[in-house]
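Let's take a friendly walk through this molecule. Have the sequence and the 3D view open as you read.

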Amino acid sequence: MSERATAVAHSNIALIKYWGKRDEGIALPATSSVSLTLDAYSTRTTVEWGRDTDTAELDGAPLAGEAGARVTRFLDLVRSLAGRSDGASVISRNTVPTAAGLASSASGFAALAAAASSAAGLDLAPRELSILARKGSGSAARSIFGDLAVWFAGDDDASSFAEPVTDPGLDLAMVVAVVDAGVKTISSRAAMRLTAETSPYFPAWVDASRTDFTDMLAAIAASDFTRVGELTESNAMRMHASMLGATPPVSYWQPDSVRVLHLVRDLRSTGIECYATMDAGPNVKILCQRRRMESVRDAVTAAGITRVTTSLPGPGVAVSRDD
Ligand code: DP6
């Protein structure tokens, strides 16, 4: 029997952000977060065990240096869960520009967790898979699930996992203004560490985000799109404010990011309801309802942003064993 499996996981964008760890060793976040999994961005990963050493390739190029070491550290976790010591080959393909703030580490580690564990003969429940994916990259914990997901900060390893949140008919969609698809200047991991260690605004971010999280779950349950959007935008701005307070300051924004943020505000004043969020990169993700998706996309394109993509809610991770 071959020990090979392939998994496809979709990226997610946080509506309430994860920014800062409470415990780096076991990847416990400072706060709980809420996300929307997107259908437009995914990673397909095939893992085969039974090798002498680990090898990893992404989009046809070998993963070297820190990226390769991160995969090996993750495979170590799977080895210890499965009680094995062999190496694995990892072949991954992204539909997301890697490290461009489109959360490719989320889909990447969710797919790797599912493929590596399944190929190793482990049959992990979704919650266990979410805990495993979290240790590869925090946001990956949420990409195990489709549509809306909540990731509870938890108190320890076993209580920090994501689970699905029922969407009572919000009919969400996302328009991504790709301002720059290049590699980011500072990784989200390094930037959140710097923020937590040096920004006097970090404790305020944690406090505010806890309240935003509770309010967001209430807004989703009430199917109140306006409130969901307002919270999405203000939570993202608060996260970026906490980074600006770091030493040295962290800013992912580019002139076109600000232009799109202003456009979103202008669209709202003309009755096209939409809200902006940004992650560890210059791209602006615009949350709207499905019926507004084309209008928002056209407005962003008309403003001169050449790469604009649209997304509907995407599925949770899917895995198949190649027996
Ligand atoms: C801004 O999940 O990439 O996208 O756990 O260190 O791998 P690590 O960080 P990562 O951080 C994502 C940060 C964010 C917000 C979010 O997705 O919640």
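How do the residues of the shell around the ligand divide into nonpolar, polar and charged? The split is 6 nonpolar, 6 polar and 3 charged. Before going further, keep in mind that you're looking at a predicted model.

## Around the ligand

There are 15 residues around the ligand, and the ones that come nearest are Ala14, Ser137, Gly138, Ser139 and Arg189. The shell isn't built from one domain alone: domain 1 (4-167) and domain 2 (172-311) each provide at least three of its residues.

## Two domains

Let's zoom out. The chain is divided into domain 1, residues 4-167, and domain 2, residues 172-311. If you take the centres over C-alpha atoms, they sit 23 Å apart.

Where the two domains meet, 24 residues of domain 1 are in contact with 36 residues of domain 2. On the domain 1 side, β1 (4-16), β4 (33-51) and β8 (148-151) supply at least two residues each. The largest share there comes from β4, with 5 residues. Sorted by character, that side of domain 1 has 17 nonpolar residues, 4 polar ones and 3 charged ones.

## The big nonpolar core

Now for the inside. The largest nonpolar core has 97 residues. Lots of contacts within this core belong to a handful of residues: Ala110, Ala113, Ala114, Ala115, Ala116, Ala177 and Ile286 have the most. Helix α2 (residues 104-119) gives the most to the core, with 10 residues. Why does this core lie between the two domains? Domain 1 and domain 2 both give residues to it, so the core lies between them.

Take a closer look at alanine 113. Skipping its neighbours within four places in sequence, alanine 113 is in contact with Leu129, Leu132, Ala133, Gly136 and Ala140. Some of those names come back when you turn to helix α3 (residues 126-136): its buried residues include Leu129, Leu132, Ala133 and Gly136. Ser130, Ile131 and Arg134 of α3 are buried too. The buried residues of α3 pack against α1 (65-82), α2 and β9 (162-164).

## Strand β1 and its partners

Is β1 largely enclosed or left open? 12 of the 13 residues of β1 are buried, so this strand is largely enclosed by the rest of the structure.

β1 pairs with β4: the two run antiparallel, joined by 11 bridges. One pair to look for is asparagine 12, whose bridge partner in β4 is threonine 37. β1 also pairs with strand β14 (residues 318-321), again in the antiparallel sense, over 4 bridges. In that pairing, valine 8 has alanine 318 of β14 as its bridge partner.

## Leucine 172, up close

Leucine 172 lies in strand β10 (residues 172-178). Is leucine 172 buried or exposed? Leucine 172 has 24 C-beta neighbours inside 10 Å, so it counts as buried; the cut-off for that label is 20 or more.

Who does leucine 172 touch? Leaving out residues up to four places away in sequence, leucine 172 touches Leu36, Leu287, Gln289 and Pro313. For a sense of distance, compare asparagine 94: leucine 172 and asparagine 94 are 78 residues apart in sequence, and 23 Å apart in space from C-alpha to C-alpha.

## Some backbone oddities

Most residues other than glycine have a negative phi, and most peptide bonds are trans. Here are some spots that go the other way.

Aspartate 59 has a positive phi of about 50 degrees, even though it is not a glycine. You'll find aspartate 59 in the loop between β5 (55-58) and β6 (61-62). Aspartate 59 has 13 other C-beta atoms within 10 Å, so it is partly exposed. Serine 223 isn't a glycine either, and its phi is positive at about 55 degrees. Serine 223 sits in the loop between α5 (202-221) and α6, and it is partly exposed, with 13 other C-beta atoms within 10 Å.

Which bond is the cis one? A cis peptide bond joins threonine 247 and proline 248, with omega at about -5 degrees. Look for proline 248 in the loop between α6 (225-244) and α7 (255-269).

How values were computed:
Residues are numbered from 1 along each chain as its sequence is written. This is a predicted model: local features need pLDDT of at least 70, side-chain atom pairs count only at pLDDT 80 or more; totals for chains, interfaces and linings use all residues. A nonpolar core is a set of buried Ala, Val, Leu, Ile, Met, Phe, Trp, Tyr and Cys residues joined through C-beta atoms within 7 Å. Domain bounds come from an automatic or database domain assignment. Two residues are in contact if their C-beta atoms, placed from the backbone, lie within 7 Å. A residue is near a molecule or strand if its C-beta atom, placed from the backbone, lies within 6 Å of it. Ala, Val, Leu, Ile, Met, Phe, Trp, Tyr, Cys and Pro count as nonpolar, Asp, Glu, Lys and Arg as charged, and the others, Gly among them, as polar. Two strands pair if DSSP finds at least two bridges between them.
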